[in-house]
Amino acid sequence: HYPLRRQRQMCIRDRYYHIFKKRVTFPIRTPKGNIVGFGGRTIQDIHPKYINSPETLLFKKSKLVYGLYEAIARAGKSLDYLVLVEGYLDVISLSQCNVNAVSCMGTAISIEQLRLIYQYTSKIIVCMDGDKAGFKANVEILKLFARLGEKKELCFCLLSGEEDPDSIVRNQGPAKLQSLLNHSINFHEFFLQLISDELSLIHI
């Protein structure tokens, strides 16, 4: 529990609110299935959209990903690839389409999270939201991948506008999402696209 500053400013003192009040709560597991924390997504117009349990010795947000245990359990063998998405609902929507996905619990991802995912697959398809924050996350992931120095595969499924994996499944169906994933570009192509965009801006 924690006191909301806004409530204190309104002079409603000594009142405490659960950290996940008015949020859908998701258990966050280690790859072995142990629950070490929780994530909450708002169901109303409350910011931030996502919050997580406070960090502890067991729960380190930068060293865990949501959905990895479930993907491993469902596959029952080595995973051909894992789709890296932005939110918990994206993971659930993709799993209902028999697509194994994990979430980095927001747009920020660490090199430790990439290394963790690559312990269970040799290929990651990044499918972030189509907004500016999602594109920025793609660029940061590309930079982190360049630091790994391992022979792994990284691809990007670039969405447009305000699209996200969950909305595509709901509005256009699983087949559309699978088609987009099948046409993902590899990290070399994404890197060249970034350079081309920069050169175009300079030329203008």
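Let's start with Phe 135, which counts as partly exposed because its relative accessibility is 36%. This is a predicted model, and Phe 135 is a handy way in: its ring pairs edge-to-face with that of Phe 190, since the centres are 6.0 Å apart and the planes stand at 80°. From there we'll look at other aromatic pairs, a mostly covered helix, a hairpin, a pocket and one buried serine.

**Aromatic pairs**

- Phe 135 sits in helix H5 and Phe 190 in helix H8 (residues 187–203), so their pairing ties together parts that lie 55 residues apart in sequence.
- Unlike partly exposed Phe 135, its partner Phe 190 is buried, because its relative accessible area is 0%.
- The count of aromatic pairs comes to eight.
- Another of these is Tyr 118 with Phe 145, a tilted pair with 6.2 Å from centre to centre and 45° between the planes.
- Tyr 118 belongs to helix H4 and Phe 145 to helix H5, so this pair links parts 27 residues apart in sequence.
- Tyr 118 counts as buried because its relative accessibility is 4%, and Phe 145 is buried too, at a relative accessible area of 7%.
- Elsewhere, ring pairs join Phe 26, Tyr 50, Tyr 66 and Tyr 88 into a cluster.

**Helix H4**

- Tyr 118 brings us to helix H4, which covers residues 111–118 and is mostly covered itself, with six of its eight residues buried.
- Which residues of H4 are buried? They are Ile 111, Gln 113, Leu 114, Leu 116, Ile 117 and Tyr 118.
- Those buried residues pack against two helices, H2 (68–75) and H5 (132–148).
- They also pack against strands E4 (82–85), E5 (101–103), E6 (123–126) and E7 (153–156).

**The E1–E2 hairpin**

- Strand E1 (residues 23–29) and strand E2 (residues 35–42) run antiparallel and are joined by seven bridges.
- To find one end of this pairing on the model, look for Arg 23, whose bridge partner in E2 is Thr 42.
- The two strands form a hairpin, with five residues between them.
- In the turn, Gly 33 has a positive phi of about 100°.

**The second largest pocket**

- This pocket has a volume of about 230 Å³.
- Its lining is made up of 15 residues, and the ones nearest the centre are Arg 41, Lys 49, Asp 90, Asp 129 and Asp 164.
- Helix H3 (88–96) and helix H6 (165–172) are the elements that give two or more residues to the lining.
- What classes of residue make up the lining? There are eleven charged residues, alongside two polar and two nonpolar ones.

**Ser 93 in helix H3**

- Ser 93 has its place in helix H3, one of the helices that help line the pocket just described.
- Is Ser 93 buried or exposed? It is buried, because its relative accessible area is 7%.
- Leaving aside residues up to four places away in sequence, Ser 93 touches Asp 166 and Val 169.
- Ser 93 and Ser 167 are 74 residues apart along the chain, while their C-alpha atoms are separated by 8.9 Å.

Key:
Residues numbered from 1 in each chain as written. Predicted model: local features only at pLDDT ≥ 70, side-chain atom pairs only at ≥ 80, totals over all residues. Heavy atoms only, no water. 1 Å grid on protein atoms, 1.4 Å probe; cavity = no way out; pocket = protein on both sides within 12 Å on 5 of 7 lines; lining within 4 Å. Points joined across faces, edges and corners; volume = space filled by probe spheres on them. Helix = DSSP H or I, 4+ residues; strand = E, 2+ residues; numbered from the N terminus. Nonpolar A, V, L, I, M, F, W, Y, C, P; charged D, E, K, R; others polar. Buried < 20%, exposed > 50% of the residue type's maximum accessible area, 1.4 Å probe, protein only. Contact = heavy atoms within 4.5 Å. Pairing = 2+ DSSP bridges. Phe/Tyr/Trp six-rings, centres within 6.5 Å; stacked < 30°, edge-to-face > 60°.
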